[in-house]
Amino acid sequence: MKKSALITGILGQDGPYLAKFLLEKDYKIYGLLRRYSNPSFVNPEYLGIQDQIEYVDGDLTDESSLINVIKSIRPDEVYNLAAQSFVGASWQQAKLTTEVNAVGVLSLLNAVKFFSPTSKFYQASTSEMFGLSNSDGFQDENTPFHPRSPYGISKVYAYWMTVNFRESYNMFTCNGILFNHESPLRGIQFVTRKITDGVAQIKLGLADHIILGNLEPKRDWGFAGDYVEAMYLMLQQDEPDDFVIATGETHSVSEFVEAAFAAVGISNWKQYIKIDPRYKRPAEVPHLRGRVDKARKKLGWKPKVAFEELVKIMVEADIARYTIKKSFG
Ligand code: F7E
């Protein structure tokens with residue numbers, strides 16, 4: 001019998017990478033699709049897996065739709081990757097962020113508990129939960145949370161609810177506390193993709209500057225394609241547990257900008273950057289760097305793609321996109 005997985009957030013960045021990874025392990029993949037006027041399948045198409053996903057209708061904010069889906073497919077594994085995932089928007093849409101990222105997770109956990117209690121459950125938790133907390137320059141599974149945005153706060157609720165279902169109902173539920181992870185599939189509003197897209201346009205003569213906010217914050221940036229393996233590994237353990245997934249390296253936004261311009265041979269990058277306070281956040285997370293010892297030891301997981309390589313992959317993918325667009329007029 002084929003194993004089956006339900007992936008929420010199937011049209012985002014991580015959903016397609018995870019689907020591809022599991023398809024290679026011969027899983028049957030269901031993708032939860034919420035109602036859009038105009039859904040964009042570019043990410044599964046980019047990875048060449050669009051016709052191998054069975055889409056099922058549902059929305060994290062509609063509990064009955066989740067019950068229907070869980071009841072009818074009873075998947076072996078549920079990966080909850082759906083979220084209002086843009087930290088910057090979470091101040092403007094704090095309630096929506098909470099309804100999707102916090103209450104939505106409770107609804108999904110309840111649907112699993114009542115209609116498929118043996119399904120293993122993965123919750124996409126995040127380094128944004130740590131926020132200001134960084135005692136020795138690193139964050140790990142024992143670091144207290146001090147979220148700095150409605151997004152971070154919503155994710156703390158979902159984290160503890162996932163732990164609580166494990167402790168209260170003996171369910172196999174895990175939190176992957178993933179630090180920032182990027183790829184050519186990253187949404188254009190996130191800083192890495194905004195930079196690599198801008199650098200590609202500048203290189204090709206299509207733009208002459210990039211407008212950014214705060215260049216000081218430091219992030220631990222890894223490659224999304226590496227991180228989905230860790231999600232899978234968590235659900236293959238004998239016991240459910242929570243794991244930090246990161247590279248252990250940290251770089252500032254300005255170092256990312258510098259590396260992206262270096263990837264196309266431009267060293268005087270400062271002349272191409274403009275700062276607009278509109279892109280600055282009311283409260284910032286200044287420094288993220290994960291200590292990944294537990295995942296290394298227990299999951300045997302480690303990141304494969306290093307920082308400079310990641311930046312290069314993203315810049316090259318954006319240059320290729322514009323080159324194809326240009327050649328088709
Ligand atoms: O910002 C700064 C910004 O939006 C990174 C999500 O996947 O990772 C992501 O959250 C940093 C911040 O990602 C601009 O202020 C400067 O310090 O790419 P970002 P994020 O907020 O770290 C975590 C792990 C998640 O869980 C989230 O879902 O870059 N920054 N200038 C800017 N950021 C943006 N977006 N745009 C700018 O112009």
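**Close-up views of a predicted model**

**View 1. Strands β2 and β3 run parallel and are joined by 5 bridges.** Strand β2 covers residues 28-33. Leu 33 stands opposite Asp 57 of β3 in this predicted model. Strands of a sheet pair through backbone hydrogen bonds, in either a parallel or an antiparallel manner.

**View 2. The open sheet has 7 strands with parallel pairing.** Read across the sheet, the strand order is β3-β2-β1-β4-β5-β6-β11. Its edge strands are β3, residues 53-57, and β11, residues 243-245, and each of these pairs on one side only. From one strand to the next, the twist averages 25°.

**View 3. Helices α1 and α7 lie across strands of the sheet.** Helix α1, made of residues 14-24, lies across β1 (4-8), β2, β3 and β4 (77-80). Its direction is at about 170° to that of β1. Helix α7, residues 224-235, lies across β4, β5 (120-126), β6 (173-178) and β11. The angle between α7 and β6 is about 155°.

**View 4. The ligand is surrounded by 23 residues.** Those that come nearest are Ser 85, Tyr 151, Lys 194, Arg 281 and Glu 284. Sorted by class, the shell holds 10 nonpolar, 7 polar and 6 charged residues.

**View 5. Polar atoms of Ser 85, Lys 194 and Gly 213 lie by oxygen or nitrogen atoms of the ligand.** A polar backbone atom of Ser 85 is 2.6 Å from an oxygen atom of the ligand. For Lys 194, a polar side-chain atom is 2.7 Å from a ligand oxygen atom. At Gly 213, a polar backbone atom lies 2.9 Å from a nitrogen atom of the ligand. On its own the ligand has 700 Å² of accessible area, and the protein covers 96% of it.

**View 6. Lys 194, in helix α6, has contacts with both the ligand and the protein.** Helix α6 spans residues 191-203. Leaving aside residues up to four places away in sequence, Lys 194 touches Ile 188, Ile 210, Ile 211, Leu 212 and Tyr 279. One of these, Ile 211, is 17 residues from Lys 194 in sequence, with a C-alpha to C-alpha distance of 9.0 Å. The Lys 194 side chain reaches the backbone oxygen of Ile 211 at 2.9 Å. A polar atom of the Lys 194 side chain also lies 2.7 Å from an oxygen atom of the ligand.

Conventions:
Residues numbered from 1 in each chain as written. Predicted model: local features only at pLDDT ≥ 70, side-chain atom pairs only at ≥ 80, totals over all residues. Heavy atoms only, no water. Pairing = 2+ DSSP bridges. Helix = DSSP H or I, 4+ residues; strand = E, 2+ residues; numbered from the N terminus. Axes fitted to C-alpha atoms, helices over the stretch in contact; angles between N-to-C directions. Contact = heavy atoms within 4.5 Å. Near = heavy atom within 4 Å. Polar contact = N/O pair within 3.5 Å; in protein donor to acceptor, adjacent residues only side chain to side chain. Areas by Shrake-Rupley, 256 points an atom, 1.4 Å probe, with all protein chains shown as cover. Nonpolar A, V, L, I, M, F, W, Y, C, P; charged D, E, K, R; others polar.
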